[in-house]
Amino acid sequence: MLNGLSVDVEDWFQVGAFENTIDRVDWDGLALRVADNVKFVLDLFDACEVKATFFTLGWVAEREPAAIRSIVERGHELASHGYDHARVFTLTPEQFAADLAKTRTILEDAGGAAITGYRAPSFSIDARTPWAHEVLAEQGYRYSSSVAPIVHDHYGWRDAPRFAFRPVEGSELVEIPVTTAQIGERRLAAGGGGFFRVLPYAFSRWAIARVNDRDERPAIFYFHPWEIDPDQPRMKDAPLRSRLRHYTNLSTMADKLRRLAGDFSWGRMDEIARIEAQRCVPFVS
Ligand SMILES: [Zn+2]
């Protein structure tokens, strides 16, 4: 079973947990660490012989085009994570369309490859944005991986399907939600992020194996370049809960990723989209 491996390419200060601590207008004064961290991730992937998809912010690609080009040159998929991490439910449909178009131009210029995949910042396509998939379909995207079919304090679309679906009537667009593990009536986040970093690796291994074996579907896993960077600056003014979530286990993350790469089979999201397109069902909100 081929599983989908993805990296959301943003820097240490561009995360939802710090949005009330770091002002958007101050971003340009902060030290960029993302290019070095992407290089570390690319080397790790080469050593583990895995390919992945890098959902990348347009803001990052404008400033670090060489790092973005190396993602493509080393055989990975470059895809869109929006321009500056504005969550979709904070935008109008027109603003969302403009954000997508602007980001695609920047990424295609930097990477020299067509962009056909999208991941919403903080999985922010949900019940509040019934128009979002239509905009993606209009712009010719083949797939989106922007839905967390779960309840979470920052995000979630509880009623969405757990596995790939077609969100727009008459369109081939496929939505591939991030992985959850179903335990009775409950759905647990099991696709990466803080879940993977904070909890013991055995829990992730169990959850992904359960999705592969019981559900017989691919797992969709994600992490961020800053999660392998224990030397990043510390945001002392952020709320304790955010700091705990952001800084726990940064130094053990690379080893965990190597184990994950060895225990399962991983590939690019465009490959997963091609496979899942043959079996997914309509779900139009
Ligand atoms: Zn993100």
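# Zinc site and helix packing, in conversation

Reader: Which protein atoms hold the zinc ion in this predicted model, and at what distance?
Author: Three residues act as protein donors of the zinc ion: Glu10 through OE, and His81 and His85 each through NE2. They lie 2.0 to 2.1 Å from the zinc ion.

Reader: What spacing do the donors follow along the chain?
Author: The donors named above are Glu10, His81 and His85. Written as a pattern along the chain, their spacing is E-x70-H-x3-H.

Reader: Are the two zinc-binding histidines, His81 and His85, buried or exposed?
Author: The cut-off for buried is under 20% relative accessible area. His81 has 1%, so it falls below that cut-off. His85 has 11%, so the verdict for His85 is also buried.

Reader: Staying with histidines, where is His76, and is it buried or exposed?
Author: His76 sits in the loop between H3 and strand E3 (77–80). Its relative accessibility is 3%. Because that is under the 20% cut-off, His76 counts as buried.

Reader: What does His76 touch, not counting residues up to four places away in sequence?
Author: Its partners include Leu42, which also belongs to the H1 side of the contact between H1 and H3. Ile71, on the H3 side of that contact, is another partner. The full list for His76 is Leu42, Phe45, Val50, Lys51, Ala52, Phe54, Ile71 and Arg268.

Reader: How do H1 and H3 lie relative to each other?
Author: Helix H1 (residues 34–48) and helix H3 (residues 65–73) have axes 9 Å apart, and they pack at an angle of about 15°. Their crossing is left-handed. Angles under 35 degrees count as roughly parallel, so the term for H1 and H3 is roughly parallel.

Reader: Which residues make the contact of H1 and H3, and how do they divide by class?
Author: From H1 come Ala35, Val38 and Leu42, and from H3 come Ala67, Ser70 and Ile71. By class, that contact has five nonpolar, one polar and no charged residues.

Reader: And H1 against H9: what are the distance, the angle and the handedness?
Author: The axes of H1 and helix H9 (residues 253–263) come within 10 Å. They cross at roughly 35°. The handedness of this crossing is right-handed.

Reader: Which residues meet there, and how many are charged?
Author: H1 brings Phe40, Leu44 and Cys48, while H9 brings Ala254, Leu257, Arg258 and Ala261. The contact has six nonpolar and no polar residues, and the charged count is one. Arg counts as charged, so the residue in question is Arg258.

Reader: How are H7 and H9 arranged?
Author: The axes of H7 and H9 come within 11 Å and cross at roughly 25°. H7 passes H9 in a right-handed crossing. With under 35 degrees as the cut-off, H7 and H9 are therefore roughly parallel.

Reader: How many charged residues are in the contact of H7 with H9?
Author: Tyr201, Arg205 and Ile208 in H7 meet Lys256, Arg259, Leu260 and Asp263 in H9. Three of the residues in this contact are nonpolar and no polar ones appear, while the charged count is four.

Reader: What about Leu199, and is it buried or partly exposed?
Author: Leu199 lies in the loop between helix H6 (194–198) and helix H7 (201–215). Outside its neighbours within four places in sequence, Leu199 is in contact with Gly194 and Lys256. Its C-alpha is 9.2 Å from that of Asn249, 50 residues apart in sequence. At 33% relative accessibility, Leu199 counts as partly exposed.

Reader: Which residues does Leu30 contact beyond its neighbours within four places in sequence?
Author: Leu30 is in the loop between strand E1 (2–9) and H1, and its relative accessible area is 26%, which means partly exposed. The C-alpha atoms of Leu30 and Asp11 are separated by 9.8 Å, with their positions 19 residues apart along the chain as a sequence separation. The contacts of Leu30 are Trp12, Phe13 and Ile22.

Reader: What is phi for Ser122 and for Phe123?
Author: Both lie in the loop between strand E4 (117–118) and helix H5 (132–138). Phe123 is buried, with a relative accessible area of 4%. Neither is a glycine, yet phi is positive in each: near 50° for Ser122 and about 45° for Phe123.

Technical notes. Residues numbered from 1 in each chain as written. Predicted model: local features only at pLDDT ≥ 70, side-chain atom pairs only at ≥ 80, totals over all residues. Heavy atoms only, no water. Axes fitted to C-alpha atoms, helices over the stretch in contact; angles between N-to-C directions. Helix = DSSP H or I, 4+ residues; strand = E, 2+ residues; numbered from the N terminus. Parallel < 35°, antiparallel > 145°, perpendicular 65-115°, else oblique. Left-handed = near helix turned anticlockwise from the far one by under 90°. Contact = heavy atoms within 4.5 Å. Donors = N, O, S within 2.8 Å, 3.2 Å for Na, K, Ca; no water. Buried < 20%, exposed > 50% of the residue type's maximum accessible area, 1.4 Å probe, protein only.
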